[in-house]
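Colleague: I would like a close look at one part of this model, the aromatic pairs. Please also say how far the coordinates there and elsewhere can be read.

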Amino acid sequence: MSELVTGEAVALELRPAKLPSRVLAVVLDLAVAVAAYVAVTIALVASTSALDEAAQMAVSIAAFILLLVGGPIAVETLSHGRSLGKLACGLRVVRDDGGPIRFRHALVRGAVGVVEILMTFGVVACIASLVSARGRRLGDVFAGTLVVRERIPAGRTSFVPPPPPWLAGRFSGLDLSGVPDALWLAVRQYLTRMQQLDPQVGWAMAERLAADVAERTGAPAPQGVPPAAYLAAVMQERQAREARRTFSGGFAGGGPAAGGQMTGAPGTPGTSGPGMPYGMVPSPESAYPAYPAYPSPPAAPSSARSTPAPAPTPAPAPQDAGAERPATGFAPPA
């Protein structure tokens with residue numbers, strides 16, 4: 001798994017490409033480039049037969065540089081890191097921060113690739129990829145790029161569980177700007193793996209993460225809310241703000257008022273649930289997706305348990321002396 005971290009804490013599923021897939025992609029790209037070079041060379045030889053030997057040599061060198069060096073650079077620049085071979089193998093070249101590459105990145109990769117791929121038949125590139133922790137060749141190191149797998153099986157991706165329905169939108173008023181990216185990454189990793197942890201270890205980890213988040217937001221976690229559910233609600237709020245900022249032209253407001261309650265009569269704008277038309281109040285079962293059972297506090301040792309006291313029997317409610325009693329059909333004598 002790649003260690004790329006963005007401000008949204010979402011670029012965590014990028015996987016560095018392995019050496020076999022990269023070699024196959026390079027072979028496909030070179031095959032296409034060599035085929036184009038041979039075709040162009042044959043056409044140039046036929047069209048420049050009247051020129052002298054020096055002119056023919058200059059034309060051949062120019063064709064070599066344009067097709068075998070400039071061609072891959074232009075293709076990676078225009079396709080944002082997806083050449084024909086990488087597209088066939090499901091690979092892509094990205095920057096170290098996860099963004100798309102530009103012309104300068106493709107230029108450095110192509111210039112260094114002439115030495116480590118073409119002149120050494122790929123030996124230097126293979127050795128550098130085997131030595132690098134993320135499989136980068138020298139061109140990637142100098143250009144600040146990384147080749148990643150773009151096609152990942154859906155079953156292997158991490159899934160952040162949604163919070164319980166009664167916590168959705170409750171933390172819309174929190175100030176999340178003080179939470180660092182490293183803490184968001186730790187929260188995300190815990191939420192995706194909390195069902196696999198030991199109950200006591202998972203509960204202690206959730207309490208520690210919830211305390212760190214509450215300390216940096218300046219608002220304590222609500223009483224009675226499990227720490228794992230609190231973390232899931234805060235993470236959902238952060239992702240919702242980033243989505244609004246991305247798709248609404250920079251708007252990153254908190255949505256509903258603090259507390260996340262939508263009040264008002266049915267038919268009033270702002271009272272509808274997510275995904276429901278105005279004027280409809282969704283039920284809790286249909287308004288939110290299914291959510292997992294969040295970890296509960298670890299059970300106390302058997303020696304510390306005590307027999308719970310029986311619940312007191314509620315006393316009958318006193319009747320009001322002046323209350324009207326039902327008629328019995330009996331009339332007192334006059």
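**Aromatic pairs and their setting**

Modeller: The model is predicted, so confidence comes before geometry. Mean pLDDT for the chain is 73, with 67% of its residues at 70 or more. Of the elements, α6 has the highest mean pLDDT, 92, and helix α10 (residues 284–287) the lowest, 38. Two stretches are under 50 throughout. Over residues 5–12 the model has 18 contacts beyond four places in sequence, and over residues 250–291 it has 54 such contacts. Where pLDDT is low, predicted coordinates should not be read in detail.

The chain has 334 residues, 32% of them buried, and its secondary structure consists of 10 helices and 3 strands. Starting at the N terminus, the order is β-α-α-α-β-α-α-α-β-α-α-α-α. Among contacts with a separation of 6 or more, 66% are between residues 24 or more positions apart. Carbon and sulfur atoms contribute 64% of an accessible surface of about 20,300 Å².

Now the aromatic pairs, of which the structure holds 2. One joins Tyr37 and Phe64: the ring centres are 6.0 Å apart and the planes meet at 85°, so the pair counts as edge-to-face. Because Tyr37 belongs to helix α1 (residues 19–47) and Phe64 to helix α2 (residues 53–78), this pair ties together parts 27 residues apart in sequence. Tyr37 is partly exposed, with a relative accessibility of 22%. Phe64 is partly exposed too, at 33%.

Phe171 and Tyr230 also form an edge-to-face pair, with 5.2 Å from centre to centre and 80° between the planes. Phe171 sits in the loop between β3 (145–149) and α7 (181–193), while Tyr230 is in helix α9 (residues 227–247), so the parts tied together are 59 residues apart in sequence. Both Phe171 and Tyr230 are buried.

Apart from the rings, one loop residue deserves a note. Arg137 lies between α5 (123–131) and α6 (138–143). Its relative accessible area is 8%, which is under the 20% cut-off, so Arg137 counts as buried. Leaving aside neighbours within four places in sequence, the contacts of Arg137 include two other arginines, Arg22 and Arg109. Glu116 and Ser129 are in contact with Arg137 as well. The rest of the list is Val112, Gly113, Ile117, Ala125 and Ala128.

Notes: Residues are numbered from 1 along each chain as its sequence is written. This is a predicted model: local features need pLDDT of at least 70, side-chain atom pairs count only at pLDDT 80 or more; totals for chains, interfaces and linings use all residues. Side-chain values use heavy atoms; hydrogens and water are left out. Helices (H or I, at least four residues) and strands (E, at least two) are DSSP runs, numbered from the N terminus. Buried means under 20% relative accessible area, exposed over 50%, partly exposed in between (1.4 Å probe, protein chains only). Contact means heavy atoms within 4.5 Å. pLDDT is the predictor's confidence in each residue, from 0 to 100. Accessible areas come from the Shrake-Rupley method with a 1.4 Å probe; for residues, only the protein chains shown count as cover. Rings of Phe, Tyr and Trp (its six-membered ring) pair if their centres lie within 6.5 Å; planes under 30 degrees apart count as stacked, over 60 as edge-to-face and the rest as tilted.
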